[in-house]
Amino acid sequence: MTNELDIFVGNTTLIDEDVYRLWLDGYSVNDAVGLRVRSGILEQTGATAGVLQSDTMDHYRTFHMLERLLHTPPKLLHQLVFQIPPSRQALLIERYYAFDEAFVREVLGKKLSKGTKKDLDDISTKTGVTLKSCRRQFDNFKRVFKVVEEMRGSLAGNIQQHFLLSDRLARDYAAVVFFANNRFETGKKKLQYLTFGDLAFCAELMIQNWTPGAVDSQVDDMDVDLDKEFLQDLKELKVLVADKDLLDLHKSLVCTALRGKLSVFPEMEANFKNLSRGLVNIASKLTHTKDVRDLFVDLVEKFIEPCRSDRWPLNDVRLFLNQYSASVHSLDGFRHQALWDRYMVTLRSCLLRMYHD
């Protein structure tokens, strides 16, 4: 009797998403095997512990070999050693560059240098993210920063082009690069309530409106640095609080428009000049590096904390900021409307995102 056996030979590299996640999370082979056993995989597949150990080790070897290519994602697409379908390539890249919010929140705004890397042990302990995963995420931030920091063109677009990330992840990396370059302070206790999403939202607005790229799409570093000429021009806004007549008229216009519409109208009317001085003074000091770094601290201290203290609901904050911004256009003695709008469009949206009532 003749037995027939069909054999199929293929060279497609198999990627187990669950094992890849364990490798990315920094687990050793033995720890990964233990976690896979606890997930019930032996019962589901009928495999032995020895086979599971070998399978895990085989996947880890593959991931280690792929890592060199993942550092420069276009190389993964064009290499011929590993036969990986395009959809799997995209998954490998996206997950390799994904990051933990708890981790990025600890390093956001810090210099991506050896000094910060030395702190990763403490960050790992604080966040519960394994040290190996912290190192991978930090090295990814540093690698992306070095590649795109001096490129012409859109920051998020350059990141997407050179690292083949999704639009959302590329924009998140753009925020990380922008914060690292400008060294915004985000670690103080009073800022801990802000999520990475809150700060990335503000970064995206600043990139759109406060960088050289907001007015010239052909300049170098167009999305990485703040526009120095714009920051210098912001000093012109000081007249809004230095000129008593303008300040009084601005207050009158805002109060007339909002009377009967705010639940905290008496508090707003009493505190208007302090709030206005706070917002305008922040603008006029942004020529100094330290004041740029302390932007978010100042926004919380000069506006958010006073409003919280008086129990402003978010909708009242929104109504006030909208009217506060718009009323400037009715001030006959003020000649810097376009500059004011460029400043306040970003600041208003950031404050509303940062205000958690």
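**Helix packing, cysteines and selected residues**

Q: Which residues of helix 16 meet which residues of helix 20?
A: His250, Leu253, Val254, Ala257 and Leu258 of helix 16 meet Leu319, Phe320, Gln323, Tyr324 and Ser327 of helix 20, where contact means heavy atoms within 4.5 Å. By class, this contact holds seven nonpolar, three polar and no charged residues; Ala, Val, Leu, Ile, Met, Phe, Trp, Tyr, Cys and Pro count as nonpolar, Asp, Glu, Lys and Arg as charged, and the others, Gly among them, as polar. The model is a predicted one, in which local features need pLDDT of at least 70 and side-chain atom pairs count only at pLDDT 80 or more, while totals for chains, interfaces and linings use all residues. Residues are numbered from 1 along each chain as its sequence is written, and side-chain values use heavy atoms, with hydrogens and water left out.

Q: Why are helix 16 and helix 20 called oblique to each other?
A: Helix 16 (residues 244-258) and helix 20 (residues 314-327) pack at about 135 degrees, with axes 9 Å apart. Angles under 35 degrees count as roughly parallel, over 145 as roughly antiparallel, 65 to 115 as roughly perpendicular, and the rest as oblique. The pair is therefore oblique. Helices here are DSSP runs (H or I, at least four residues), numbered from the N terminus. Axes are lines fitted to C-alpha atoms over the stretch in contact, and angles run from 0 to 180 degrees between N-to-C directions.

Q: What makes helix 17 roughly antiparallel to helix 19?
A: The axes of helix 17 (residues 265-284) and helix 19 (residues 295-309) come within 10 Å and cross at roughly 170 degrees. Set against the limit of over 145 for this class, that angle makes the two helices roughly antiparallel. Residues in the contact include Leu275 and Leu279 of helix 17 and Leu299 and Phe303 of helix 19. The contact divides into eight nonpolar, two polar and two charged residues.

Q: How do you know that Cys350 and Cys202 are not bonded?
A: A disulfide requires a pair of cysteine sulfur atoms within 2.5 Å. The sulfur of Cys202 is the closest cysteine sulfur to that of Cys350, yet the distance is 3.0 Å, too far for a bond. By this rule the count comes to zero disulfides. Cys255 is likewise in no disulfide, its nearest cysteine sulfur being that of Cys307, 14 Å away.

Q: Why are Cys255 and Cys350 called buried?
A: Buried means under 20% relative accessible area, exposed over 50%, and partly exposed in between (1.4 Å probe, protein chains only). Cys255 has a value of 4% and is therefore buried; Cys350, also at 4%, is buried as well.

Q: What makes Thr62 buried, and which residues does Thr62 touch?
A: Thr62, in helix 4 (residues 49-70), has a relative accessible area of 12%, so Thr62 counts as buried. Leaving aside residues up to four places away in sequence, Thr62 touches Thr13 and Phe82.

Q: Is Arg311 buried or exposed, and what is notable about its phi?
A: At 73% relative accessible area, Arg311 is exposed. Arg311 lies in the loop between helix 19 and helix 20, with a positive phi near 60 degrees in a residue other than glycine. Most residues other than glycine have a negative phi.

Q: Why is Leu164 called partly exposed?
A: Its relative accessibility is 30%, so Leu164 counts as partly exposed. Leu164 lies in the loop between helix 11 (155-163) and helix 12 (167-182), and has a positive phi of about 60 degrees although it is not a glycine.
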